Amino acid sequence: MFYSAAMDASTTESPASDAATAGPHRIDALPVENRYARLGEPFCVRTEPTPLTRPRLLHVNAVLLRQLGLGHDEAVRPEFTEILSGNRPLPGGEPLSMRYAGHQFGAWVPQLGDGRAILLGQLRDRHGVLQDLQLKGAGRTAFSRFGDGRAVLRSSVREYLAGEALHHLGIPSTRALSLIVGDDPVRRETIEPAAVICRVAPSHVRFGHFEAFSYAGDVSALRRLADHVIDEHHPDLSERPDRYTMWLRWVVDRTAGLMAQWQAVGFCHGVMNTDNMSILGLTLDYGPYGFLDGFDAHHVCNHSDHAGRYAYDQQPVVGHWNCARLIQACLPLLAEAPQSAAEIGQAVLDRYPDAYATAMTRRWRAKFGLKDERDGDPDLINHFLSLLHRGHDDFTGSFRALADVDTARDAVPPPLRERLHDVEAFDAWLEHYRDRLRGEHSDDAQRRAEMNRTNPKYVLRNHLAQDVIAAAASGDTAPLDRLLTLLRRPYDEHPGLDHYADEPPPEARHLVLSCSS
Ligand code: AMP
Ligand code: MG
């Protein structure tokens, strides 16, 4: 067991009150709730996990452990690894896989569902929020179709890292409590070791859940599911006669906001099918995702996405399209008469462009350290982005370095100038930027501090994940720990670890990532 090296002692989150739990709990004596299981058929199918051969706990998320009210030393008990690998039942749990459908790369797929995810049960955390404990990679389910129900170590490490990276960038995401590897060989392009993570999120319900029941013509199931989500996550809306409209408005606003958050840090999801869109606006289902290195607005991180449907600059558009699919599926809930339902639905959907633009403009402004709103700001922002795009200059590094611009007329050029390809264009732009900052009496030191809390220094670049995966495959989790330390404080300086902020070396620039996981 690699536990002792892997137990991270991160304390980056505020302590929670113990009021909601009697804690600390043992994993085999949790007050498990099974609210989703209560829905029964056709929403889910009882599914027992398939045991993993010789499961070893590679890593445990100490912050989540605490948040879930589990004792600090819980992870050393064999029961922890056995339960979270699927080798022993979670006492009190009613394990299940969920039914959903979805639009994959624009095409309607009527039956998807949890093909390799099993919801063990739900647990109220120390903040009083009910959290799903969901195993990913724990074997075949009723929805596995031709799949083996497994996940490989490579993709499990990537998901484990990504949840932490996005969460600590302030972006809503599912997270993982544990990373367990087994001996079972899994065939992808090559044979790889199987792994199981335990995902934690207030819900794993997707847009595709609603599409499944709507297009099967089961309006009563559609309504039951919507009521379930509203009652569980929006209790303030439960009693309102317009609850479905209000709920969908929330989802649209939330999704638009999530897209703005992704764009602002250069996160590319890679597979924005409607079955990967969370009804709570969480980042969900990490596959061939990537953070931008050199900025290319049309960057496609998923090598299976030949048409570039999910390119970086398409994400906000796809977010809108996906909301349209959700609302369309939910039309029968909005009014009796189809015409009225369509009008209400369209009005809800029409919130998206403004919601996105408002959220995005606010984020760009913050990234440039601009306080006031001025007419010329969109041009100023766009010129800088096109300059980065033309030169394929590093997205994260360039924004981070932007904080070092001084507004004084005789100031020396900022170090950023050395990093960029088109120095002439930058010099011209810099004049405007400095003028703009002087125009609002921007205080250099204060702006710098604020920008450094907005523009991360460290993001989860693919080549960094790759190094961690290679080490983890041989049982060495020290690199995983090191990277997690940075990702959990992405805005801080970490002396001695500056190279983690660098662009990938040339040989690591063309890592190929596909849907295979
Ligand atoms: P994804 O591309 O991971 O979002 O998965 C799309 C669909 O395929 C979902 O229904 C998954 O549950 C299913 N799926 C993906 N990989 C597997 C697998 N190895 N075994 C069974 N089902 C899978
Ligand atoms: Mg998926």
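The shell around ligand 1 holds two nonpolar, seven polar and seven charged residues. In total, 16 residues surround ligand 1. The closest are G113, G115, R145, D148 and G149. The model is predicted, so every value here is computed from predicted coordinates.

Where does ligand 1 sit? Ligand 1 occupies the largest pocket. Three side chains there deserve a look. D148 is one of the closest residues, and a polar atom of its side chain lies 2.9 Å from a nitrogen atom of ligand 1. R188 also meets a nitrogen atom of ligand 1: an N or O atom of the R188 side chain is 3.3 Å away from it. N276 faces an oxygen atom instead. Between that oxygen of ligand 1 and a polar side-chain atom of N276 the distance is 3.0 Å. How much of the ligand does the protein bury? Taken alone, ligand 1 exposes 480 Å², and the protein buries 82% of that.

Move on to S278. This residue belongs to the loop between β11 (267-268) and β12 (290-291). Is S278 buried or exposed? S278 counts as buried, because its relative accessibility is 4% and the cut-off for buried is under 20%. Its side chain has a polar partner in the backbone. That partner is the backbone nitrogen of L280, reached at 2.9 Å.

R77 is another loop residue to visit. Its loop runs between α3 (62-67) and α4 (78-84). With a relative accessibility of 13%, R77 is buried too. Which side chain does R77 contact? The R77 side chain makes a polar contact with the side chain of E74, at 2.5 Å.

Now turn to a helix. V348 lies in α10, which covers residues 338-349. V348 has a relative accessible area of 2%, so V348 is buried. How far apart are V348 and L248 in sequence and in space? They are separated by 100 residues along the sequence. In space, their C-alpha atoms are 7.0 Å apart.

The backbone itself has some points to notice. Most residues other than glycine have a negative phi, and most peptide bonds are trans. Against that background, three places stand out. One is the peptide bond between E41 and P42. This bond is cis, with omega about 0 degrees. P42 is in the loop between α2 (35-39) and β1 (44-46).

The next place is F105. Its phi is near 50 degrees, a positive value, and F105 is not a glycine. F105 is in the loop between β4 (102-104) and β5 (107-109). How exposed is F105? With a relative accessible area of 32%, F105 is partly exposed, because that value falls between the 20% and 50% cut-offs.

The last place is H392. H392 is not a glycine, yet its phi is positive, at about 50 degrees. The loop that holds H392 lies between α12 (377-391) and α13 (395-402). H392 has a relative accessible area of 42%, so H392 counts as partly exposed.

Terms used. Residues are numbered from 1 along each chain as its sequence is written. Chains are lettered from A and ligands numbered from 1 in the order in which they are written. This is a predicted model: local features need pLDDT of at least 70, side-chain atom pairs count only at pLDDT 80 or more; totals for chains, interfaces and linings use all residues. Side-chain values use heavy atoms; hydrogens and water are left out. A residue is near a molecule or strand if one of its heavy atoms lies within 4 Å of it. A polar contact is a pair of N or O atoms within 3.5 Å; within protein, one must be able to donate a hydrogen and the other to accept it, and residues adjacent in sequence count only if both atoms are side-chain atoms. Accessible areas come from the Shrake-Rupley method with a 1.4 Å probe; for residues, only the protein chains shown count as cover. On a 1 Å grid over the protein atoms alone, a cavity is a set of points where a 1.4 Å probe fits but cannot get out, and a pocket is an open set with protein on both sides within 12 Å along at least five of seven lines; lining residues have an atom within 4 Å of a point. A molecule sits in a cavity or pocket if more than half of its atoms lie within 2 Å of its grid points. Ala, Val, Leu, Ile, Met, Phe, Trp, Tyr, Cys and Pro count as nonpolar, Asp, Glu, Lys and Arg as charged, and the others, Gly among them, as polar. Helices (H or I, at least four residues) and strands (E, at least two) are DSSP runs, numbered from the N terminus. Buried means under 20% relative accessible area, exposed over 50%, partly exposed in between (1.4 Å probe, protein chains only).
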